[in-house]
There are 2 protein chains.
Amino acid sequence: MESHFNSQLLEKAVGELSKLPGIGRKTALRLALHLLRKDPAEARALGESLIEMRDKISYCHTCHNISEEETCPICGDTRRDRKTVCVVENVKDVITIEATHQHQGLYHVLGGLISPLDGVGPSDIEIESLVNRVRDEKIEEVILALSPTIEGDTTNFYIFRKLSEFPVKITMLARGLSMGNELEYTDELTLGKSIQNRIPFS
Amino acid sequence: MESHFNSQLLEKAVGELSKLPGIGRKTALRLALHLLRKDPAEARALGESLIEMRDKISYCHTCHNISEEETCPICGDTRRDRKTVCVVENVKDVITIEATHQHQGLYHVLGGLISPLDGVGPSDIEIESLVNRVRDEKIEEVILALSPTIEGDTTNFYIFRKLSEFPVKITMLARGLSMGNELEYTDELTLGKSIQNRIPFS
């Protein structure tokens with residue numbers, strides 16, 4: 001849809017909105033027209049919240065999670081288990097794992113996975129800083145929580161090798177049946193892993 | 001997903017984004033994290049364009065289309081046919097019809113359709129101002145371009161009655177086969193209309 005909106009301002013807003021991932025021009029127009037029907041305070045609150053978020057949020061110097069301070073609230077929380085570090089690909093994974101309430105330790109956000117095809121090598125992601133943390137902070141367990149993909153496995157293996165000189169326990173997330181999914185619809189690879197890694201019935 | 005983002009600013013931006021229609025919290029988080037990865041100028045351009053659009057766009061005093069001035073560019077365009085007015089439900093319909101390049105006249109945006117079930121009566125939409133325009137501007141043809149729904153038909157009929165005292169030709173959009181659709185998949189009502197309103201083969 002390449003159409004004139006009879007308003008440069010609407011055109012501009014639609015243009016900016018449609019730069020967002022998954023938002024095409026049709027959706028962008030729908031969102032813009034929605035805002036035009038609402039109180040001006042609503043557009044202002046939205047616009048200002050985006051600008052303020054981007055201007056003030058930066059990254060934690062320790063774990064590389066997003067943070068409004070040099071040290072993020074998780075790294076700064078003294079009640080958490082400071083000897084266990086969960087390694088994740090990105091910021092969203094921290095949010096996802098936090099929502100499970102099953103990890104009481106700290107995080108380390110790599111900011112990507114090793115992917116030779118995409119030109120991403122070990123030095124492009126936060127592996128060296130992880131190694132330094134394990135050494136300097138006397139980390140006792142590193143939980144590898146990367147996606148079960150070729151890139152995730154490659155990165156897991158690289159980190160495993162890099163940390164092998166330290167007295168640290170290295171674990172990874174279990175791979176097995178998804179809760180609530182029928183056995184018959186589970187892929188063979190996952191099913192195979194879940195047999196290999198079977199656990200005591202309790 | 002009711003999770004903590006470890007950042008009030010991210011939380012706020014996600015909250016504002018998810019007020020938009022069709023944007024849930026998951027999508028809102030994805031959009032916010034996208035902006036966090038991009039240059040701050042990008043979030044600023046988006047935020048400011050939304051605020052400026054909402055603050056500066058208002059409605060044309062004549063046709064009620066969105067406009068940055070009292071008179072919109074269409075109403076102000078002297079090359080257009082000022083004796084033909086196309087009546088539409090909303091602003092988006094103007095954009096849609098303009099994209100066809102088949103209407104050279106002006107518009108009148110009702111801002112809704114008569115819908116007793118939703119408590120929308122004739123006085124809640126811009127019908128009186130349409131009647132005034134037909135009288136004062138010596139309109140020669142009113143094209144009813146409302147959706148072929150109960151509400152659209154009700155509104156069409158109401159407008160038709162209101163305009164019956166004026167020497168104005170009243171037309172409505174043709175109803176018939178959709179271009180490119182198989183005859184066999186056209187619903188019976190539409191097919192019936194397309195037989196009743198058959199046109200000379202040329």
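Modeller: Let's start with a term: a crossing is left-handed if the near helix is turned anticlockwise from the far one by less than a right angle, and right-handed if clockwise. This is a predicted model, in which local features need pLDDT of at least 70, side-chain atom pairs count only at pLDDT 80 or more, and totals for chains, interfaces and linings use all residues. Residues are numbered from 1 along each chain as its sequence is written, chains are lettered from A and ligands numbered from 1 in the order in which they are written, and side-chain values use heavy atoms, with hydrogens and water left out.

Colleague: Thanks! Is the crossing of helix 3 of chain A and helix 1 of chain B left-handed or right-handed?

Modeller: Helices (H or I, at least four residues) and strands (E, at least two) are DSSP runs, numbered from the N terminus. Helix 3 of chain A covers residues 40-56 and helix 1 of chain B residues 8-17, and they pack at about 150° with axes 9 Å apart; axes are lines fitted to C-alpha atoms, for helices over the stretch in contact, with angles from 0 to 180 degrees between N-to-C directions. Their crossing is left-handed.

Colleague: How many nonpolar residues does the contact of helix 3 of chain A with helix 1 of chain B have?

Modeller: Contact means heavy atoms within 4.5 Å, and the residues making it include A:Leu46, A:Leu50 and A:Met53 from chain A, and B:Leu10, B:Ala13 and B:Leu17 from chain B. Ala, Val, Leu, Ile, Met, Phe, Trp, Tyr, Cys and Pro count as nonpolar, Asp, Glu, Lys and Arg as charged, and the others, Gly among them, as polar. One residue of this contact is polar and five are charged, while the nonpolar count is eight.

Colleague: What relation links chain A to chain B?

Modeller: With copies superposed by least squares on C-alpha atoms of residues with pLDDT of at least 70 in both, chain A can be laid on chain B with an RMSD of 0.2 Å by a turn of 180° and a shift of 0.1 Å along the axis. That is the relation of a two-fold axis.

Colleague: Which residue of chain A comes closest to the rotation axis?

Modeller: Both copies use the same surface, as 100% of the contact residues of chain A recur in chain B. The C-alpha that comes closest to the axis in chain A, at 1.8 Å, is that of A:Gly47.

Colleague: Which side chain makes a polar contact with the side chain of B:Glu98?

Modeller: B:Glu98 sits in helix 4 (residues 91-100) of chain B and is buried, with a relative accessible area of 17%; buried means under 20%, exposed over 50%, partly exposed in between (1.4 Å probe, protein chains only). A polar contact is a pair of N or O atoms within 3.5 Å; within protein, one must be able to donate a hydrogen and the other to accept it, and residues adjacent in sequence count only if both atoms are side-chain atoms. Beyond four places in sequence, the contacts of B:Glu98 include B:Ile74, B:His103 and B:Tyr107. At 2.8 Å, its polar partner is B:Arg80.

Colleague: Is A:His64 buried or exposed?

Modeller: A:His64 lies in the loop between strand 1 and strand 2 of chain A, and its phi is positive, near 70°. Most residues other than glycine have a negative phi. Because its relative accessibility is 18%, A:His64 counts as buried.
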